[in-house]
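The exercises below are meant for a reader who is meeting this structure for the first time. Please work through each task before reading the solution that follows.

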Amino acid sequence: MTISIRQAISPAEARSFDTTALRENFLVTDLFSPGAIRMTYSHVDRTILGGAVPGADTLTLDAPAELVTPTFLARREMGIFSIGGGGAVILDGREYPLPVGDCLYVPMGVEAIAFSSANADDPARFYFVSTPAHHSHEIRIIAQSDANRLDIGSDSDANRRTLRQYIHPDICASCQLLMGMTMIADGSVWNTMPCHTHDRRSEAYLYFDMAPDARVFHFMGEPDETRHLVIANEQAIISPGWSVHCGAGTSNYGFIWSMAGDNQEFTDMDMVAMETLR
């Protein structure tokens, strides 16, 4: 189990970054490694992004020393998505099978967390996000069919996509964490365009379901000072509240989004007019 630390970056700093500095501060490339749990702790809303790939042995998620807490969720909550293989999450000794495309909400106070694969030759791949919490809600499995489904975009704008809200006030109670999944339709490439910001909340994105040679060009930065990052499969973006967040791919793809901050209003967005983008 490993964890790396990312500091919060101001827009003034980001304006001066070259490609290497942008990638070092906002792109997470090493979440998934066979037989390991890899995490990145961001000081943007103290969000932890993690990946677990259990093999023949179960992987246990302990509290890293950096949290200075007896257990990982002593003061946190988390959401877990299954993105590959078959497996289960074990919470305080109880097993929760998690099919690909489903999500598990884990509240503050759960003490023992572990990940297992049904078949070591086709290991499960779990992506999780954890944020600070102040209250313990119920453990919930949210199946893909139970999520709020929004079909948005159009073929003519090359942005037809299906957005599903999993950890959302209408579906599953949480303290501040919101999570969902967006799948880009075949023949479309754009996500979240026209773009927006929301300084009350930060976001994180895991891009996945991509061919090895496919790439997504993720756009970030202030609306009048945009930058881009080239993203490969199963890489994640840390998106502070001051930054736009949208992208276009060389083919269709999916991404798992999470939010943390002052509110849980999904529609809390400051829209950016296309003519103001630079």
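**Exercise 1. Aromatic pairs**

How many aromatic pairs does a search of the whole structure find?

Solution. The model is a predicted one, and a search of the whole of it finds eleven aromatic pairs. Take the pair of phenylalanine 115 and phenylalanine 128: the ring centres are 5.9 Å apart and the planes stand at 15°, so this pair is stacked, given that planes under 30 degrees apart count as stacked. The next step is to place the two residues, and here phenylalanine 115 belongs to strand 10 (residues 113-117) while phenylalanine 128 belongs to strand 11 (residues 125-132), so that the pair links distant parts of the chain, 13 residues apart. Both phenylalanine 115 and phenylalanine 128 are buried. Finally, ring pairs link Phe72, Phe115, Phe126 and Phe128 into a cluster.

**Exercise 2. A tilted pair**

Classify the pair of tyrosine 207 and tyrosine 253 from the angle between the planes, and decide whether each residue is buried or exposed.

Solution. The rings of tyrosine 207 and tyrosine 253 lie 5.8 Å apart, centre to centre, with 55° between the planes, and the pair is tilted. Tyrosine 207 is in strand 18, whereas tyrosine 253 is in the loop between strand 22 (246-249) and strand 23 (254-261), and the pair links these distant parts of the chain across 46 residues. For burial the cut-off is a relative accessible area under 20%. Tyrosine 207, with a relative accessible area of 0%, is therefore buried, and tyrosine 253, with 1%, is buried as well.

**Exercise 3. Strand 6 and its partners**

How many of the residues of strand 6 are buried, and with which strands does it pair?

Solution. Begin with burial: nine of the nine residues of strand 6 (residues 76-84) are buried, so this strand is largely enclosed by the rest of the structure. Then turn to the pairing, where eight bridges join strand 6 to strand 11 in the antiparallel sense, with phenylalanine 81 having tyrosine 127 of strand 11 as its bridge partner. Strand 6 is also paired with strand 9 (residues 103-106), again in the antiparallel sense, over four bridges, and there the bridge partner of glycine 79 is tyrosine 105.

**Exercise 4. Two open sheets**

Give the order of the strands in the open sheet of four strands and in the open sheet of seven strands, and name the edge strands of each.

Solution. In the sheet of four, the order is 5-10-7-8, and the pairing is antiparallel. Its edges are strand 5 (59-60) and strand 8 (94-97), each of which pairs on one side only. Looking at one edge in detail, strand 7 (residues 87-91) pairs with strand 8 over four bridges, and leucine 91 has arginine 94 in strand 8 as its bridge partner.

In the sheet of seven, the order is 2-21-18-23-15-14-13, and the pairing is antiparallel here too. Strand 2 (27-28) and strand 13 are the edge strands, each pairing on one side only. Within this sheet, six bridges join strand 14 to strand 15 (residues 178-184), and glutamine 165 stands opposite glycine 180 in strand 15.

**Exercise 5. Unusual backbone values**

Most residues other than glycine have a negative phi, and most peptide bonds are trans. Which peptide bond is cis, and what is the phi of alanine 158 and of aspartate 209?

Solution. The cis bond runs from methionine 193 to proline 194, with omega near 10°, and proline 194 sits in the loop between strand 16 (190-191) and strand 17 (196-197). Alanine 158 has a positive phi of about 55° and lies in the loop between strand 13 (148-152) and strand 14 (161-167). Aspartate 209 likewise has a positive phi, near 60°, and its place is the loop between strand 18 (201-208) and strand 19 (216-222).

**Exercise 6. The surroundings of arginine 200**

Which residue's side chain makes a polar contact with the side chain of arginine 200?

Solution. Arginine 200 is located in the loop between strand 17 and strand 18, and with a relative accessible area of 28% this residue is partly exposed. Leaving aside neighbours within four places in sequence, arginine 200 is in contact with several residues, among them Ala260, Asp268 and Asp270. The polar contact asked for is with the side chain of aspartate 270, at 3.0 Å.

How values were computed:
Residues are numbered from 1 along each chain as its sequence is written. This is a predicted model: local features need pLDDT of at least 70, side-chain atom pairs count only at pLDDT 80 or more; totals for chains, interfaces and linings use all residues. Side-chain values use heavy atoms; hydrogens and water are left out. Two strands pair if DSSP finds at least two bridges between them. Rings of Phe, Tyr and Trp (its six-membered ring) pair if their centres lie within 6.5 Å; planes under 30 degrees apart count as stacked, over 60 as edge-to-face and the rest as tilted. Buried means under 20% relative accessible area, exposed over 50%, partly exposed in between (1.4 Å probe, protein chains only). Contact means heavy atoms within 4.5 Å. A polar contact is a pair of N or O atoms within 3.5 Å; within protein, one must be able to donate a hydrogen and the other to accept it, and residues adjacent in sequence count only if both atoms are side-chain atoms.
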